[in-house]
Structures are given as C-alpha cells and as structure tokens.
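Here is a briefing for a reader who has not met this structure before. Look over the sequence and the fold, then take the topics one by one.

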Amino acid sequence: MSIRPIFVASIGNPAPAYTDTLHSAGHTVLTHLPDWLLLPPFTKSRSGLLSASPDFTLWQSPSLMNVSGKPVATAWRTFLSSLSSPQDTNAARLVVVHDELDLALGKIKVRDGGSARGHNGLKSVIQALPHGMAFTRVGVGIGRPLTRDSREVAAYVMKKMTPQEVDMMADVAGQVSQVAREMRRGVR
C-alpha cells in the first residue's frame with residue numbers, strides 16, 4: 001500500500017458575499033475538513049486559504065466559480081513543487097470539491113475523470129490543467145429546484161444555506177475526509 005500526497009481544492013464563489021451559498025457548497029465542506037483530518041486552521045496564502053500537514057493540503061480558491069481553473073492549476077503546481085521527491089510528485093493526487101445540482105442535498109459523488117457535465121467551474125479547471133490530466137471530483141449534493149429555467153436555477157444556487165444545511169455540510173466533510181484518507185492510503 002502506497003502513501004500519496006493529497007491536495008484537496010474547493011471551488012465556489014469568494015467570501016464574504018457568497019459564504020454558505022449552495023453554489024459554494026465545496027467551500028463550506030472544505031472549511032470543516034481540518035476538524036475531520038486533524039489539520040491546523042486555514043490561513044491566508046498568496047493564492048487562497050490554506051491548511052496543510054504532511055498528509056493533506058487543503059486549499060480554497062479565491063476566485064469566482066466559473067473562472068477557478070487558473071487559480072486551481074497554479075495552486076496545484078505550487079503544491080507539486082513543494083514535494084520532496086519525484087516519487088511524491090508522481091503519486092500526488094488532486095481532488096476538487098464542488099457543488100452538484102443533480103445530487104440530493106448532503107450526498108456526495110466521487111468520480112475520477114470524465115466531462116464537466118455542464119458545470120462551468122469544472123470546465124474551467126479541466127481547461128486550465130495539463131491536457132488529459134486526471135483528477136478526482138467530489139460533488140457535494142445541493143439538490144435541484146423543480147424547474148430547469150436557467151434564471152431560477154441561478155437564483156437557487158446563489159441562495160444562502162439554512163443553519164441546518166450548513167450543519168449538514170459539516171457532516172458531509174466527514175464523508176469527504178474518508179475519501180481523502182482512502183486516497184492517501186492508495187485504496188481509492
């Protein structure tokens with residue numbers, strides 16, 4: 001069983017205006033991950049919010065969702081350059097945590113590779129990373145409104161979560177921490 005360096009990036013819209021909106025569910029989950037993974041609190045770095053240990057690095061994109069690709073790619077390259085050996089660099093895994101409309105609130109879906117499936121933030125990440133680079137996506141379910149009208153969907157994803165939904169995202173972070181631990185051990 002190999003131990004892999006894991007870089008977990010969340011994409012969403014920046015705080016404080018978009019804190020705890022459904023569209024920023026990835027950020028909300030990531031803010032709870034240090035508790036689950038026994039990491040230090042987030043600190044500001046030049047490229048976003050960062051929480052790191054020898055086992056995991058968590059990073060929150062400071063950009064708007066739909067243009068998050070370049071900051072993610074830059075942070076990923078910085079992470080790779082910080083690793084001590086070529087073996088670590090080759091084994092390192094990128095995980096992107098994002099909101100997922102087509103998944104019930106509070107559920108997660110883990111996928112390796114594939115298309116962005118209409119998610120503009122993921123499209124931006126895919127375009128900014130080296131061609132064909134595989135990464136793991138963790139979709140955090142936010143549910144979907146009954147209508148498919150684009151204006152109503154946009155309004156839905158931009159609404160603030162209720163306190164109960166924020167608490168649910170803290171529990172979701174526990175599920176995401178398990179995925180990260182499995183990836184670290186090379187099980188996933």
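**A buried glutamate, and the rest of the chain**

Glu-182 counts as buried, at 18% relative accessibility. The cut-off for that label is under 20% relative accessible area. Glu-182 forms a salt bridge with Arg-188, with the closest N and O atoms 3.1 Å apart. Arg-188 counts as partly exposed, at 37% relative accessibility. The model behind these values is predicted.

**Overall build**

- The chain has six helices and seven strands.
- Read from the N terminus, the elements run β-α-β-β-β-α-α-β-β-α-β-α-α.
- The C-alpha atoms fill a box of roughly 50 × 35 × 30 Å along the principal axes.
- The radius of gyration is 16 Å, which agrees with the value near 16 Å for a compact globule of 188 residues.
- Of the 188 residues, 49% count as buried.
- The chain exposes about 9,400 Å², and carbon and sulfur atoms supply 56% of that area.
- Take the contacts with a separation of 6 or more: residues 24 or more positions apart account for 71% of them.

**Strand S1 and its partners**

- Strand S1 covers residues 6–10, and five of its five residues are buried.
- Ile-6, Val-8 and Ser-10 point one way from S1. Phe-7 and Ala-9 point the other way.
- S1 pairs with strand S4 (residues 56–60) in the parallel sense, over five bridges.
- S1 also pairs with strand S5 (residues 93–100), in the parallel sense and over five bridges.
- Val-8 has a residue opposite it in each partner: Leu-58 in S4 and Val-95 in S5.

**Two nonpolar cores**

- In soluble globular proteins, nonpolar side chains tend to be buried together.
- The largest nonpolar core here has 29 residues. Val-8 and Leu-33 have the most contacts inside it.
- Several elements each supply at least two residues of this core, including S1, S4, S5 and strand S7 (136–141). Helices that do so include H1 (25–37), H5 (150–157) and H6 (163–184).
- H6 gives the largest share of this core, with eight residues.
- Which residues does Leu-33 contact, leaving aside its neighbours within four places in sequence? They are Val-8, Leu-58, Ala-173, Val-176 and Ser-177.
- A second core of 19 residues is separate from the largest one. Among its members are Ala-9, Trp-59, Val-96 and Ala-116.
- Val-8 and Ala-9 point opposite ways from S1. Val-8 is in the largest core, and Ala-9 is in the second.

**Salt bridges**

- Side chains of opposite charge can pair when their charged atoms come close.
- The count for this model comes to five salt bridges.
- One of them joins the side chains of Asp-55 and Arg-184, at 2.8 Å from N to O.
- Why does the pair of Asp-55 and Arg-184 tie together parts that are apart in sequence? Asp-55 lies in the loop between strand S3 (48–52) and S4, and Arg-184 lies in helix H6, so the linked parts are 129 residues apart in sequence.
- Is Arg-184 buried or exposed? Arg-184 is buried, with a relative accessible area of 14%.
- Its partner Asp-55 is partly exposed, with a relative accessible area of 36%.
- Another salt bridge joins the side chains of Arg-151 and Asp-149, at 3.6 Å from N to O.
- Arg-151 counts as exposed, at 64% relative accessibility. Asp-149 counts as partly exposed, at 26%.

**Arg-111 in strand S6**

- Arg-111 sits in strand S6 (residues 108–112).
- Arg-111 counts as buried, at 19% relative accessibility.
- Which residues does Arg-111 touch, not counting those up to four places away in sequence? They are Arg-117, Phe-135, Thr-136 and Arg-137.
- Arg-111 and Phe-135 are 24 residues apart along the chain, and their C-alpha atoms are separated by 8.5 Å.

Key:
Residues numbered from 1 in each chain as written. Predicted model: local features only at pLDDT ≥ 70, side-chain atom pairs only at ≥ 80, totals over all residues. Heavy atoms only, no water. Buried < 20%, exposed > 50% of the residue type's maximum accessible area, 1.4 Å probe, protein only. Helix = DSSP H or I, 4+ residues; strand = E, 2+ residues; numbered from the N terminus. Pairing = 2+ DSSP bridges. Core = buried A, V, L, I, M, F, W, Y, C linked by side-chain atoms within 4.5 Å. Contact = heavy atoms within 4.5 Å. Rg over C-alpha atoms; globule rule 2.2 N^0.38 Å. Areas by Shrake-Rupley, 256 points an atom, 1.4 Å probe, with all protein chains shown as cover. Salt bridge = Lys/Arg side-chain N within 4 Å of Asp/Glu carboxyl O.
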